[in-house]
Amino acid sequence: MFTPARVRLLFVTCIALFMAMLDNLVLGVALPSIQKDLGASMGDLEWFMNAYTLAFAVLLIPFSVLGDSIGRKKVFLAGVAVFTLGSLMAGLSDSSVSLILSRALQGVGGAAVVPLSLTLVNSAFPPEKRAAALGIWSGISGLGLSVGPLVGGLIMEGAPWQMIFYVNVPVGIVAFVLGLNWLEETRGVRKPLDPIGVLSLTAGLFGIVYGLERGNAEGWGTFGVYGPLAAGALLLTAFYAWERTRANPLIRFEFFRKRNYAFYTIAGFWMNAGVFGAIFLLTLFLQQAQGNSPLGAGVREMAWTTMTMIAAPLAGFAISRFGNRTVLLAGLLFQTAALAWFALLIDSRGFDVPFVLMLGPMMLAGTGMGLSFTPLSHGLISSVPDEAAGEASGIGNATRELGGVFGIAIGGMIFQSGDAIRSPIDFAHHIVPSVGSSAAMLAIAFLAVALFVRKPTAKNPSAYNQSVEAKANLPHLPQAADVQR
């Protein structure tokens, strides 16, 4: 049940999670002011955004595994402290270089906060209450990502750009102090230090993310893009070969032999690819084609984000009644239909689509997002032993982050192909195939779940976990839910 200790844990982890997820997109509306104040170049503006994403994406898995090894509370609180320090330094930045470094420091902290918050929530709740708790976690995560542009717009209406970063400082301090007193320490399997594995994994992920993010800016046929992509692929291949030789690998690849684990991971990648590629393009559509201000676009997108916030917690309760797979399929179907609806609307009405006609697909997409986040996290983590929850959380978050970067890159590439964009009519013409491609990515996620994910056959979840542990030759540790009780 939701005991006071568990409610306190949810509060601490969720406020830190919201802070970290918000900073993925909150900066976008402030870029013109920052450019003027710091004399930043266009390349600097890209790095203000990308420095966070790069650090965040490449460190999710290492920090997740570190939390299992030395203590999830320790790594989570360290992440909160680093993120808060990075926010303070970003607000104090007086040059482009210092802001880029501060944003990277924020990304380092966020990479510890996000997966460890999920692992702490998962470990604190018994199986029968876990889906409901993860529903709340997913709602806060999706809300933080979705309202970033709106929050940034509200702050920029009456405050200097530095306030976008300073607002994180008191929140981070409160989360750290409360976490010290309210969180219980939990661990998974302690793994030996593996510097070769960590370096090859982080460097490989860096190459992939960097190449994808630079594709539309530099051109996909340039060495500045395919060079990092190729290097990243080689390093990840080397990481796989190295880890296969180790008795206690950083990532246990045998988990991918489990059908549900593998296809929940695949579905998460393609869902984020479709969702965030579409959000990126539709935000541009509202501003550049329809002439809304950043704040105006954010207010209109609340039809999407509000439904996400409402549906995500409800998804946790729906899972207990209808099953994880059914709820996820409904969420993915809603999102696919919503983006196809958007593409048809813009194709038929051009840039002059009345907002009242956009309400339907926005609300459907937001509902689908809310229904999808929870079963993706719950399904992935429930596919492995409880002591491997941190590893599963890191892999799930990392693959979804990669999916988001991939979706934005591919959507932007399709959008920019063809004739030059000189008018709102041209903008509408170009966005239709891009949004259509996002719908296709979500359809891939739907098919991955519909065709390959199966309901767990074990009647006793703990017996199922023990059988997995036996196959992985791993010791059985006390469950964190027992520690919380």
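**A walk through an all-helix fold: local spots and the overall build**

V65 sits in helix α3, in a model that is predicted. With a relative accessibility of just 4%, V65 falls under the 20% cut-off, so it counts as buried. Leaving aside residues up to four places away in sequence, V65 touches K191 and L250. Q335 is another matter: 270 residues separate it from V65 along the chain, and the two C-alpha atoms are 32 Å apart.

Helix α3, which covers residues 42-70, also holds E46. How well covered is E46, buried or partly exposed? E46 has a relative accessible area of 29%, and that makes it partly exposed. Its contacts, again leaving out residues up to four places away in sequence, are with R214 and A217. From E46 to D194 there are 148 residues in sequence, and the distance from C-alpha to C-alpha is 33 Å.

Next comes helix α6, made up of residues 127-146, where G135 has its place. The relative accessible area of G135 is 0%, so this glycine is buried. Which residues does G135 touch, once those up to four places away in sequence are set aside? The list reads A312, P313, G316 and T374. F342, on the other hand, lies 207 residues from G135 along the chain, with 27 Å between their C-alpha atoms.

The last of these local spots is L235, found in helix α11, which runs over residues 223-243. L235 counts as partly exposed because its relative accessibility is 31%, above the 20% limit for buried residues and below the 50% limit for exposed ones. With residues up to four places away in sequence not counted, L235 touches S200, A203 and G204. L235 and A409 are 174 residues apart along the chain, and their C-alpha atoms are separated by 21 Å.

Stepping back to the whole chain, what does the secondary structure come to? The protein chain has 20 helices and 0 strands. Its C-alpha trace spans about 65 × 50 × 45 Å along the principal axes. The radius of gyration is 21 Å, which agrees with the value near 23 Å that a compact globule of 485 residues would have. Of those 485 residues, buried ones make up 57%. Contacts often reach a long way along the sequence: among those between residues at least 6 apart, 83% join residues at least 24 apart.

Then there is the interior. The largest nonpolar core has 108 residues, and F76, F285, W304 and I431 are the ones with the most contacts inside it. Helix α12, residues 259-289, gives the most to this core, supplying 15 residues. A second core, separate from that one, has 21 residues, including V26, L27, A30 and L31. As for I431, its contacts beyond residues up to four places away in sequence are L281, L282, F285, I346 and F415.

The outside can be described in a few numbers too. About 19,000 Å² of the protein chain is exposed, and carbon and sulfur atoms supply 69% of that area. How many charged side chains of each sign does the protein chain have? There are 30 positive and 26 negative side chains, and the centres of these two sets lie 12 Å apart.

Conventions
Residues are numbered from 1 along each chain as its sequence is written. This is a predicted model: local features need pLDDT of at least 70, side-chain atom pairs count only at pLDDT 80 or more; totals for chains, interfaces and linings use all residues. Side-chain values use heavy atoms; hydrogens and water are left out. Helices (H or I, at least four residues) and strands (E, at least two) are DSSP runs, numbered from the N terminus. The radius of gyration is taken over C-alpha atoms; the globule rule is 2.2 Å times the number of residues to the power 0.38. Buried means under 20% relative accessible area, exposed over 50%, partly exposed in between (1.4 Å probe, protein chains only). Contact means heavy atoms within 4.5 Å. Accessible areas come from the Shrake-Rupley method with a 1.4 Å probe; for residues, only the protein chains shown count as cover. Lys and Arg count as positive and Asp and Glu as negative; His and the chain ends are not counted. The place of a charge is taken as NZ of Lys, CZ of Arg, CG of Asp or CD of Glu. A nonpolar core is a set of buried Ala, Val, Leu, Ile, Met, Phe, Trp, Tyr and Cys residues joined through side-chain atoms within 4.5 Å.
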